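User: I would like to learn how side chains pair up in a protein model. Please take me through it step by step.

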Amino acid sequence: MLHNFGGTLGMHGSSEKVNKDISHAQSKANNSMVGVGITPEGINQNYVMYALALERGWEKDQYNLTEWFNLYSDSRYGTHTHYLHQAWQLLRRSVYSYNGLKKIHGKYIIARRPSIHLDDSMWYNISDIYEAWSHILKSKCDIPHSHINEYEHDLVDITRQYLQIKFGQLYKKMIDAFKKRNYVEFEDLTDTMLTILFDLENILSTNKAFLLGNWIGGSHSLSTNVREKLIFEFNARNQITLWGPNGEIADYATKQWSGVVEDYFYPRWKLFFDYLRYCLHKTQPINLTLITNDILILVEIPFNYQRKIYPTIPRGNAYQTSKKIFLKW
């Protein structure tokens with residue numbers, strides 16, 4: 001199973017396909033299959049898919065995925081609760097039900113270089129994510145202390161997922177308002193989209209797994225002198241943004257992390273909105289080459305050479321922050 005490219009974040013998976021295709025491969029004539037494996041280009045996300053694929057290899061018959069997802073929930077959180085079962089069944093039927101051929105990995109509007117031609121891959125209803133999120137919030141009191149880290153990680157992740165989807169929905173409306181020259185709606189939508197980026201930065205900052213500071217700190221720990229420290233930090237920043245001097249494979253390994261959102265995603269989108277606003281009010285045609293170059297020169301390259309120190313310890317309370325964002329949206 002090659003599930004991810006670049007370790008990008010975003011809930012997705014093909015649980016039914018993984019479940020069925022292993023049996024299909026085993027039943028083929030002259031079958032020489034001896035096991036199941038994963039190609040881990042980036043595995044620090046969607047843990048349920050890796051657990052399913054590797055565990056599934058031990059069984060000849062297909063799993064009852066309803067039962068398996070409930071058992072996964074029990075194991076991950078150390079408790080057996082109706083709310084968590086409901087949450088994971090909603091996730092199973094939505095984000096983990098993909099059955100297409102498109103390579104989705106990381107190609108989410110919020111994490112891509114702004115343009116007027118972006119497309120989001122959605123095969124499920126955002127209401128399912130919102131409902132699953134509500135069930136996870138309700139289960140807080142049932143989580144034993146021994147599994148609170150897993151719970152908080154997933155709470156941050158589903159909050160991030162909802163905000164990511166909401167941003168994509170508003171993007172389409174914003175582009176439509178721009179094309180129709182609806183000034184009021186354009187301003188309202190762009191303000192709301194920037195607010196989503198602000199909320200995304202806040203929720204990500206509450207969990208160690210979503211902090212840019214740890215990634216940069218890891219690069220520093222490998223250096224043996226000042227020159228190496230500068231080179232290693234540049235490479236760490238470049239890999240998760242431009243991946244090349246001029247963005248040869250930009251956003252290939254993009255990360256929805258605290259620090260990246262604040263100093264990379266946010267300024268990119270703000271600059272893009274400012275450019276569209278100028279075109280709207282001056283009745284100027286859009287020059288995509290110009291805005292892409294400005295984003296590269298004014299935001300992306302400078303971020304790669306920054307030396308800003310980012311936190312390595314979470315700030316704020318994940319549950320309280322998530323609940324506040326839930327009630328807001």
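Analyst: Start with Glu187. Its relative accessible area is 24%, so Glu187 is partly exposed. The scale runs like this: buried is under 20% relative accessible area, exposed is over 50%, and partly exposed is in between (1.4 Å probe, protein chains only). Two notes on the source: this is a predicted model, where local features need pLDDT of at least 70, side-chain atom pairs count only at pLDDT 80 or more, and totals for chains, interfaces and linings use all residues. Residues are numbered from 1 along each chain as its sequence is written, and side-chain values use heavy atoms, with hydrogens and water left out.

User: Which residue does the side chain of Glu187 meet in a salt bridge?

Analyst: Side chains of opposite charge can pair when their charged atoms come close. A salt bridge here is a side-chain nitrogen of Lys or Arg within 4 Å of a carboxyl oxygen of Asp or Glu. For Glu187 the N to O distance is 2.7 Å, and the partner is Arg277.

User: How many residues apart in sequence are the parts that Glu187 and Arg277 tie together?

Analyst: Helices are DSSP runs (H or I, at least four residues), and so are strands (E, at least two), numbered from the N terminus. Glu187 lies in helix H7 (residues 183–204) and Arg277 in helix H10 (residues 260–282). The pair therefore ties together parts whose separation is 90 residues.

User: Is Arg277 buried or partly exposed?

Analyst: Its relative accessibility is 22%. Arg277 therefore counts as partly exposed.

User: Which other residue of helix H10 meets Arg277 in a salt bridge?

Analyst: Look 3 residues away in helix H10, about one turn of the helix. The N to O distance of this salt bridge is 2.8 Å. The partner has a relative accessible area of 31%, so it is partly exposed: Asp274.

User: Which helix holds Glu300, the salt-bridge partner of Arg268?

Analyst: The closest N and O atoms of Arg268 and Glu300 are 2.8 Å apart. The pair links distant parts of the chain, 32 residues apart. Both residues are buried. Arg268 is in helix H10, and Glu300 is in helix H11 (residues 288–305).

User: Which residues are linked with Arg268 and Glu300 in a network of salt bridges?

Analyst: By the salt-bridge rule, the count comes to 17. One network includes Arg268 and Glu300. The residues linked with them are Arg113 and Asp251.

User: What is the angle between the planes of Trp133 and Phe326?

Analyst: Rings of Phe, Tyr and Trp (its six-membered ring) pair if their centres lie within 6.5 Å; planes under 30 degrees apart count as stacked, over 60 as edge-to-face and the rest as tilted. The count by this rule is 25 aromatic pairs. Trp133 and Phe326 are 5.0 Å apart, centre to centre, and edge-to-face, with an angle of 85°.

User: Which helices do Trp133 and Phe326 lie in?

Analyst: Trp133 has 0% relative accessibility, so it counts as buried. Phe326 has 13%, so Phe326 counts as buried too. The pair ties together parts that are 193 residues apart in sequence, because the rings lie in helix H5 (residues 126–138) and helix H12 (residues 318–328).

User: Which ring does the charged end of Lys140 sit over?

Analyst: A charge sits over a ring if NZ of Lys or CZ of Arg is within 6 Å of the ring centre and within 35 degrees of the ring normal. For Lys140 the distance to the centre is 5.6 Å, and the ring belongs to Tyr319.
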